[in-house]
Structure formats: structure tokens, C-alpha cells
Amino acid sequence: MAERFEDLRAWQTARTLTNEVYVETGREEFEDDLVLKDQVRRAAISVMSNIAEGFESRTRPQFINYLGQAKASAGEVRSQFVVARDQEYVTQKDLEAVFDLAEKVSRQLYHLIQHLEQSGESDRVHELPAEYISH
């Protein structure tokens, strides 16, 4: 059982995604586009934060809702990196690296949401299978 949100694989992937977004947006190409830089960083942080907030709520409906918001934010990161690529702030390789992480966390969140929706005996989240937790 995950006792901390930091133990969730999806949160760990979201953390890696956020760090990658910070690396990419820290480059000089983003220097003059503070709006896009800020927006994509906020979206990446939102993935991590929504997973954490939902986990800490400890109620199944709230957790599922927050996981859905996290998944939506991962899509936002992908969309914003397309803008960054179109503006030539990042290379195709950089875009693909961020896309891969954002898609990975989206898949993890999708499966976790499916699990929570299908195994709802009560409104409280008691245990998650090992496949969602890193040790």
C-alpha cells in the first residue's frame, strides 16, 4: 500500500516530466516568451500537484477527480510543447522527450483511474496494487 503520494509511480513520472520541462524552458530560446515558459511550467507542476492533492484527500471520488485534472494538465504540457516546437524554441528531439514523459504519465493516470473506478467498495482509498507503487 502506498502511504505517501511520493511512492506512486505516476507522481514519480510527473516529477521527471516537471524536471525535463524546467530544463527545456530554462534555455535561452525561451528567454523572451515568458508567457509560454510560465504556462508550461505551471501545467507540469499541476500534474504533480493534482496527484498529491488527490492522494492526500483519501476519498475515492476526490482522488479520481484530481487524477483526471492531472491527466488534463499532462495534455496541456504536450500542447504547449507543440507551440514551443512551432516557434523553434525546442528541437524535434526535445519535443519527443517531453511528449514521451507526458504520454507515459497520462497512461499511468488512466490505468490508476480505471482501477479506482472499478474497485470501489467504499469511498475511502485503502490500498493500491503494487503496479502503481514504486519501492
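The legends below describe close-up views of a predicted model.

**View 1. Overview of the chain and its four helices.**
The secondary structure of this predicted chain consists of 4 helices and 0 strands. Read from the N terminus, the order of elements is α-α-α-α. The chain has 135 residues, and 45% of them count as buried. Its accessible surface is about 7,500 Å², with 44% of that area belonging to carbon and sulfur atoms. Among contacts in the chain with a separation of 6 or more, 73% come from residues 24 or more positions apart.

**View 2. Packing of helix α2 against helix α3.**
Two packed helices are described by the angle between their axes and the distance between the axes. Helix α2 covers residues 34-57 and helix α3 covers residues 60-86. Their axes come within 8 Å and cross at roughly 165°. Angles over 145 degrees count as roughly antiparallel, and α2 and α3 are therefore roughly antiparallel to each other. The crossing of α2 past α3 is left-handed. The contact of α2 with α3 has 16 nonpolar, 9 polar and 2 charged residues.

**View 3. Packing of helix α3 against helix α4.**
Helix α4 spans residues 92-118. The axes of α3 and α4 come within 9 Å, and the crossing angle is roughly 165°. That angle makes α3 roughly antiparallel to α4. As α3 passes α4, the crossing is left-handed. In the contact of α3 with α4, the residues divide into 18 nonpolar, 3 polar and 6 charged.

**View 4. Surroundings of S73 in helix α3.**
S73 is part of helix α3. Is S73 buried or exposed? The cut-off for buried is under 20% relative accessible area, so S73, at 8% relative accessibility, counts as buried. Leaving aside residues up to four places away in sequence, S73 touches A43, S46, V47 and N50. Helix α2, residues 34-57, is the partner whose axis comes within 8 Å of that of α3.

**View 5. A72 in helix α3 and its spacing from S46.**
A72 also has its place in helix α3. With a relative accessible area of 51%, A72 is exposed, the cut-off for that class being over 50%. How far apart in space are A72 and S46, C-alpha to C-alpha? The distance between A72 and S46 is 9.3 Å, and the two are 26 residues apart in sequence. S46 is also one of the residues that S73 touches.

**View 6. I45 in helix α2 and residues it touches.**
I45 lies in helix α2. Its relative accessibility is 34%, and I45 therefore counts as partly exposed. Not counting residues up to four places away in sequence, I45 touches T18 and Y22. The C-alpha atoms of I45 and V21 are 9.4 Å apart in space, while in sequence the two residues are 24 residues apart.

**View 7. E88 in the loop between α3 and α4.**
Where is the place of E88? E88 sits in the loop between α3 and α4. Phi of E88 is near 65°, which is a positive value in a residue other than glycine. At 64% relative accessibility, E88 counts as exposed. The two helices on either side of this loop, α3 and α4, have axes that come within 9 Å.

Technical notes
Residues numbered from 1 in each chain as written. Predicted model: local features only at pLDDT ≥ 70, side-chain atom pairs only at ≥ 80, totals over all residues. Heavy atoms only, no water. Axes fitted to C-alpha atoms, helices over the stretch in contact; angles between N-to-C directions. Parallel < 35°, antiparallel > 145°, perpendicular 65-115°, else oblique. Left-handed = near helix turned anticlockwise from the far one by under 90°. Nonpolar A, V, L, I, M, F, W, Y, C, P; charged D, E, K, R; others polar. Buried < 20%, exposed > 50% of the residue type's maximum accessible area, 1.4 Å probe, protein only. Contact = heavy atoms within 4.5 Å. Areas by Shrake-Rupley, 256 points an atom, 1.4 Å probe, with all protein chains shown as cover.
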